[in-house]
Amino acid sequence: MRQFLSYFVRYTRNKKMFAIVIGATTLIFLIILNLTMFSYGGDVEVVSDPKGSKGTFDRLTSLLPGSSSKITDDDKAQISDNRHTIFDTAEHKSYLTDLFTELIAVQPDFDSLPSSYPKAPEMAPWDDHPVLSYNHLSEKYLKVTDHQVNNLKEKHAEFLAKILNKKSKVHFANHGDDQEHFYIENSNGIVYVGGGRYSWFALLSIKHLRSIGSKLPIEVYIPFEEEYEKEFCEVILPSMNAKCLKIYEILDLEVLKDSKFKIQGFMLKSLAILLSNFENILLLDADNMPYLNPDILFVSEPYQTYKFVVWPDYWERTTHPKFYEIQGLDLITENLKLKDPNTGQPKYSSAEQIKSEVPLHDLKGTIPNPSTESGQLLISKKAHADAILLSLYYNMYGPNYYYHLITQWAPGQGDKDTFLAAANLLNSTYYQIKTTVKAIGYHKSNGEFRGTAQGQYSPIDEYNFKTYHKKLLAMYEEDFCMQKGITKKQLEQSKTLQEELEEYQKIQIETLTQFSGEEDEDKALKDYYANVFDLPIKLMFVHESTPKFDPLDLILNNQITNEENTERIRFYDNVLTDPGYYSFEKMQWQYIYDLLCGSEDERVHMEFISKQIENFGDRYDEEKFCQAIQDEIDWIGSR
Ligand SMILES: *[C@@H]1O[C@H](CO)[C@@H](O)[C@H](O)[C@H]1NC(C)=O
């Protein structure tokens with residue numbers, strides 16, 4: 001027995017193998033359970049199952065992923081579609097002039113909302129924090145006057161009316177018979193905002209994308225003329241099927257020069273979506289490293305259905321209630337109309353109760369929690385022109401008005417929540433990933449965790465899990481009807497039977513998950529599906545926030561060792577060193593080595609790096625610097 005155990009342990013070290021063993025064990029258990037149930041039915045009516053255990057097995061395996069994650073030849077053609085032209089037509093310029101003329105026309109009459117007020121703190125759903133009620137969110141942080149609210153509301157309504165009027169000039173569809181001047185139909189591509197150090201980060205990210213097999217064309221938007229780098233834009237990027245687009249040239253419009261808009265900061269991502277040539281866009285922050293090849297996202301669910309996918313942040317929403325009023329929503333009246341589905345009585349007893357007791361973002365009509373992390377975003381220009389235009393409005397008037405209303409200085413204030421703020425009002429379809437963002441980092445010698453990046457998961461896998469879960473519930477419903485000898489119709493007509501079914505499904509699922517040792521049922525189910533189907537929800541993006549891959553800073557300021565300088569550290573230790581993960585971190589050091597220390601044809605000249613070399617002066621010695629990077633690569637490789 002001991003021998004068998006050690007054999008078992010040795011062969012199950014491999015995680016995949018372990019998953020299969022657990023999966024198989026669970027399946028066998030289920031089959032036995034089902035057989036037992038069928039033969040010793042007890043109270044349950046015994047219905048003969050002609051296929052017996054085989055039937056159960058078939059039905060379980062029929063829950064395997066559908067076609068969504070399997071790429072067809074058509075999909076492949078779409079993925080490698082690299083038509084990639086820049087529009088620079090008179091028609092495009094005239095459209096942009098019209099759009100910005102309309103945007104400027106709805107400028108609020110007062111300069112700005114206050115920008116210094118007590119900041120909304122970091123509050124995760126699992127933290128102990130006050131109820132973020134209507135009253136709390138309107139009294140504790142930003143204070144707005146009725147005059148300000150009324151003025152913003154009036155201007156917002158004006159612009160919204162233009163968006164809802166499909167014939168107005170703000171719509172790109174209204175210029176020319178087709179969209180050819182505004183995006184390339186059916187094209188998919190990846191978009192970054194570069195410039196300064198962001199061009200360097202984007203280069204690392206693009207190099208990585210190409211090395212993990214991504215074939216999609218890429219656009220890098222350069223905000224300002226002084227940030228345009230000839231070698232980067234004209235040699236390096238084109239060699240990787242990527243190109244620079246110059247925001248400062250495309251938006252070199254008379255109407256903007258005379259306005260008070262200063263194109264800057266968080267507006268840029270929203271502008272990049274507006275200006276992109278692609279119909280279907282994956283917008284990535286420059287410091288976002290795709291962990292898996294994202295090309296498949298465009299041809300899979302949930303993107304195919306929703307055409308708009310956003311990823312979650314850690315934090316609760318802290319949107320000011322007056323934002324909804326400015327949008328023209330009357331949350332209180334709408335929520336007072338709601339009925340409790342069980343009792344038929346009003347869900348809330350009074351406006352005062354809604355305002356003081358209920359979390360604002362539990363109310364119908366608000367943007368669902370948690371807030372958004374916009375380091376990656378998938379959107380279709382064709383399907384979501386309205387939301388793109390309205391979020392552009394929130395961004396152009398972001399720094400002085402809407403960023404404050406939407407976020408109240410909670411962490412990450414900026415463009416991140418403007419996309420859903422628009423989609424929510426317009427009833428747009430969107431898919432908000434539910435798998436919680438993963439805190440990636442390492443443990444310091446004192447045991448304290450230091451976060452270095454946000455890990456975001458594959459929406460395809462998550463969507464498949466939802467599909468399995470639905471199928472599993474449907475399977476139990478079928479079992480239930482069979483055992484009771486009733487039809488689906490009879491079930492639908494009886495509340496009692498439905499309640500019994502719910503109880504039955506609950507017990508079945510508890511049985512499935514009780515052996516996982518995981519208390520959180522949702523997590524246990526995910527583990528179960530992952531084991532049975534060998535398909536965990538995979539990490540897809542690593543948003544490298546602190547530190548960023550600024551190699552001179554990392555090496556010369558000694559950031560690659562712990563605080564006592566006694567040991568090297570892995571930035572992404574808690575996730576990416578799991579068995580089965582590839583050497584993600586090492587690859588990034590290798591790119592840096594090739595780009596800065598490699599052979600003549602590998603080396604590049606990037607402004608950001610030259611500036612850093614200048615800043616470090618005598619402390620920079622190329623030979624030592626390159627040796628330090630090589631040492632880091634060797635060290636990680638030996639782990
Ligand atoms: C969104 O849906 C609500 C509720 O059905 C409706 O009242 C509202 O007019 C819709 N908004 C838009 C912009 O279509």
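Reader: Does Q408 count as buried or exposed?
Author: This is a predicted model, and the computed relative accessibility of Q408 is 0%. The cut-off for a buried residue is under 20%. Q408 therefore counts as buried.

Reader: What is the phi of Q408?
Author: Q408 sits in the loop between α18 (398-407) and α19. Most residues other than glycine have a negative phi. Q408 is not a glycine, yet its phi is positive, at about 50°.

Reader: N565 also has a positive phi. Is N565 buried, exposed or partly exposed?
Author: N565 lies in the loop between α24 and α25 (573-576). Its phi is near 60°, and it is a residue other than glycine. The partly exposed class runs between 20% and 50%. With 46% relative accessibility, N565 therefore counts as partly exposed.

Reader: Which residue does a cis peptide bond join to N369?
Author: Most peptide bonds are trans. Here omega is about -10°, and the bond is cis. The partner of N369 is found in the loop between α16 (351-357) and β7. That partner is P370.

Reader: What is omega for the cis peptide bond of T546 and P547?
Author: P547 is placed in the loop between β11 (539-544) and α24 (551-556). The peptide bond that joins T546 to P547 is cis. Its omega is about -5°.

Reader: On to the sheet. What is the strand order in the open sheet of seven strands?
Author: The pairing in this open sheet is mixed. Its edges are β3 (242-246) and β8 (431-432). Each edge strand has a single partner, so one side of each is left without a neighbour in the sheet. The full order is β3-β2-β1-β4-β7-β6-β8.

Reader: Over how many bridges do β1 and β4 pair?
Author: Strand β1 covers residues 184-193, and strand β4 covers residues 278-284. One bridge sets I184 against F278 in β4. The two strands pair in the parallel sense, and the bridges number six.

Reader: Which strands does helix α8 touch as it packs on the sheet?
Author: Helix α8 spans residues 197-211. Its direction makes about 130° with that of β1. The strands it touches are β1 and β2 (218-222).

Reader: At what angle does helix α19 run to β6?
Author: Helix α19 takes in residues 418-425. It lies across β6 (308-312), β7 (372-380) and β8. Its angle to β6 is about 130°.

Reader: Are α5 and α7 roughly parallel or roughly antiparallel?
Author: Two packed helices are described by the angle between their axes and the distance between the axes. The axes of α5 (residues 90-105) and α7 (residues 146-164) come within 9 Å and cross at roughly 155°. Angles over 145 degrees count as roughly antiparallel. The pair is therefore roughly antiparallel.

Reader: How many residues in the contact of α5 with α7 are charged?
Author: From α5 come L99, E102, L103 and A105, and from α7 come E158, F159 and K162. The contact has four nonpolar residues and no polar ones. The charged residues number three.

Reader: Last, the whole protein. What percentage of its residues are buried?
Author: The protein has 28 helices and eleven strands. Its accessible surface is about 29,900 Å², with 51% belonging to carbon and sulfur atoms. Of the 639 residues, the buried part is 52%.

Methods. Residues are numbered from 1 along each chain as its sequence is written. This is a predicted model: local features need pLDDT of at least 70, side-chain atom pairs count only at pLDDT 80 or more; totals for chains, interfaces and linings use all residues. Side-chain values use heavy atoms; hydrogens and water are left out. Helices (H or I, at least four residues) and strands (E, at least two) are DSSP runs, numbered from the N terminus. Buried means under 20% relative accessible area, exposed over 50%, partly exposed in between (1.4 Å probe, protein chains only). Accessible areas come from the Shrake-Rupley method with a 1.4 Å probe; for residues, only the protein chains shown count as cover. Two strands pair if DSSP finds at least two bridges between them. Contact means heavy atoms within 4.5 Å. Axes are lines fitted to C-alpha atoms, for helices over the stretch in contact, and angles run from 0 to 180 degrees between N-to-C directions. Angles under 35 degrees count as roughly parallel, over 145 as roughly antiparallel, 65 to 115 as roughly perpendicular and the rest as oblique. Ala, Val, Leu, Ile, Met, Phe, Trp, Tyr, Cys and Pro count as nonpolar, Asp, Glu, Lys and Arg as charged, and the others, Gly among them, as polar.
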